[in-house]
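Grab a pencil and work through these exercises with the model open beside you. Try each task yourself before you read its solution.

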Amino acid sequence: MPEGDTVWQTARRLHTALAGKVLTLSDLRVPKYALTDLSGRTVLDVTPRGKHLLTRVDGGLTLHSHLRMDGAWKVFAPDQRWSGGPAYQIRAVLGTADRTAVGYRLPVLELLHTADEDQVVGHLGPDLLGPDWNPEQALANLLADPDRPLGEALLDQRNLAGIGNVYKCELCFLLGATPWLPVGALPADRTAKLPALAQRLLEVNRDRPIRNTTGRRGPELFTYGRARRPCLRCGTPIRLADQGDGSRDRPTYWCPHCQTGPAPARNAVNRTAKSAGSRPDTAGSRPGTAGSRPGAPG
């Protein structure tokens, strides 16, 4: 599942392929920008901001994209066949003399003045992988609503930017708290280390092709995608239920023995687990990126 570390990797690939080069091909396949041509402009940089991507070109313009659950940017050499989905899913093409970046299934694609970037990313909290990372501010944001469930607070990008559902579940496990525990009820020693732990998890994974939070070669993740499988610490079956994030429900995994705090109603757990079935443990892979617009947790 895509999160801040995956977006960071995507930005690095795009920046390496495009930055400092003149666009020879520009095709934005959304109605609003169908006649817009960026050809002849030089790409200045591609910058990640939380789960957002900002591709800046000369002339004071920024192409903002946000990939949500299944969008993706792919980079191809001139003689390489494009692969990332059928042609009708392509929403953007940016090409230079030696590389072409193709955006598939982009639910958010907009062109704006670089000076107006705050309109799309100004609502975000400190970026876990960005130069603005501020652990004190991130913690203050989380504690501003002490009654809010920990899992919901972690997903709210206005608190800190870059955590998605995988890291939410893994962080809660490492903190020994269920995602439904109110933020204010987290023991003080664990609260104090939360920002640094979150930042560390994303930092060590931003260069890895497969996300790993366990530090071992076996299962890469402690809880996510491991419903009904034994906890790696105590052997208790991992449980699964839905938890809202302010915009929609998300599958949430936890160990009822290693993590203390409230849990959802049993019927909700059973319903979610039954619908999930026996899903493969592939949560460490990186299919795309996720997110949402200002005012929503993503």
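A residue counts as exposed when its relative accessible area is over 50%, as buried when that area is under 20%, and as partly exposed in between. Keep in mind that you're looking at a predicted model.

**Exercise 1. Get an overview of the protein: find how many helices and strands it has, and what share of its residues is buried.**

Solution. Start with the secondary structure, which comes to seven helices and ten strands. Next, turn to burial: of the 298 residues, 53% are buried. Last, look at contacts with a separation of 6 or more: 65% of them link residues 24 or more positions apart.

**Exercise 2. Work out how helix 5 and helix 6 are arranged, and list which residues meet.**

Solution. Step one is to locate the helices: helix 5 covers residues 165-175 and helix 6 covers residues 188-205. Their axes come within 10 Å and cross at roughly 135°. That angle makes helix 5 oblique to helix 6. To see where this comes from, recall that roughly antiparallel needs an angle over 145 degrees, and roughly perpendicular runs from 65 to 115. Step two is the handedness, and this crossing of helix 5 and helix 6 is right-handed.

Step three is the contact itself. Helix 5 brings Y167, L171, L174 and L175. On the helix 6 side they meet R190, K193, L194, L197, A198, L201, L202 and N205. Sorted by class, the contact holds nine nonpolar, one polar and two charged residues.

**Exercise 3. Examine the salt bridges: say how far apart the N and O atoms are in the D45 and R56 pair, and whether D45 is buried or exposed.**

Solution. First, a general idea: side chains of opposite charge can pair when their charged atoms come close. A search of the whole structure turns up eleven salt bridges.

Now take D45 and R56, whose closest N and O atoms are 2.9 Å apart. D45 sits in strand 2 (residues 43-49) and R56 in strand 3 (residues 52-57), so this pair ties together parts that are eleven residues apart in sequence. Both D45 and R56 are buried.

Compare that with D27 and R29, whose side chains meet in a salt bridge at 2.7 Å, N to O. D27 has a relative accessible area of 25%, so it is partly exposed. R29, with 38%, is partly exposed too.

Then go to E203 and R200, which form a salt bridge at 3.8 Å, N to O. These two are three residues apart in helix 6, so about one helical turn separates them. E203 is partly exposed, because its relative accessibility is 30%. Finally, salt bridges with shared partners join R148, E152, D156 and R158 into one network.

**Exercise 4. Explore the loops: find where R228 lies, and decide whether R228 is buried or exposed.**

Solution. Begin with a rule of thumb: most residues other than glycine have a negative phi. R228 has a positive phi of about 75°, although it is not a glycine. You'll find R228 in the loop between helix 6 and strand 9. Its relative accessible area is 53%, so R228 is exposed.

R105 also has a positive phi, near 55°. Look for R105 in the loop between strand 7 (100-104) and strand 8 (108-113).

End with P209, which lies in the loop between helix 6 and strand 9 (239-244). P209 counts as exposed, because its relative accessibility is 67%. P209 and Q9 are 200 residues apart in sequence, yet 9.2 Å apart in space, C-alpha to C-alpha.

Methods: Residues are numbered from 1 along each chain as its sequence is written. This is a predicted model: local features need pLDDT of at least 70, side-chain atom pairs count only at pLDDT 80 or more; totals for chains, interfaces and linings use all residues. Side-chain values use heavy atoms; hydrogens and water are left out. Axes are lines fitted to C-alpha atoms, for helices over the stretch in contact, and angles run from 0 to 180 degrees between N-to-C directions. Helices (H or I, at least four residues) and strands (E, at least two) are DSSP runs, numbered from the N terminus. Angles under 35 degrees count as roughly parallel, over 145 as roughly antiparallel, 65 to 115 as roughly perpendicular and the rest as oblique. A crossing is left-handed if the near helix is turned anticlockwise from the far one by less than a right angle, and right-handed if clockwise. Contact means heavy atoms within 4.5 Å. Ala, Val, Leu, Ile, Met, Phe, Trp, Tyr, Cys and Pro count as nonpolar, Asp, Glu, Lys and Arg as charged, and the others, Gly among them, as polar. A salt bridge is a side-chain nitrogen of Lys or Arg within 4 Å of a carboxyl oxygen of Asp or Glu. Buried means under 20% relative accessible area, exposed over 50%, partly exposed in between (1.4 Å probe, protein chains only).
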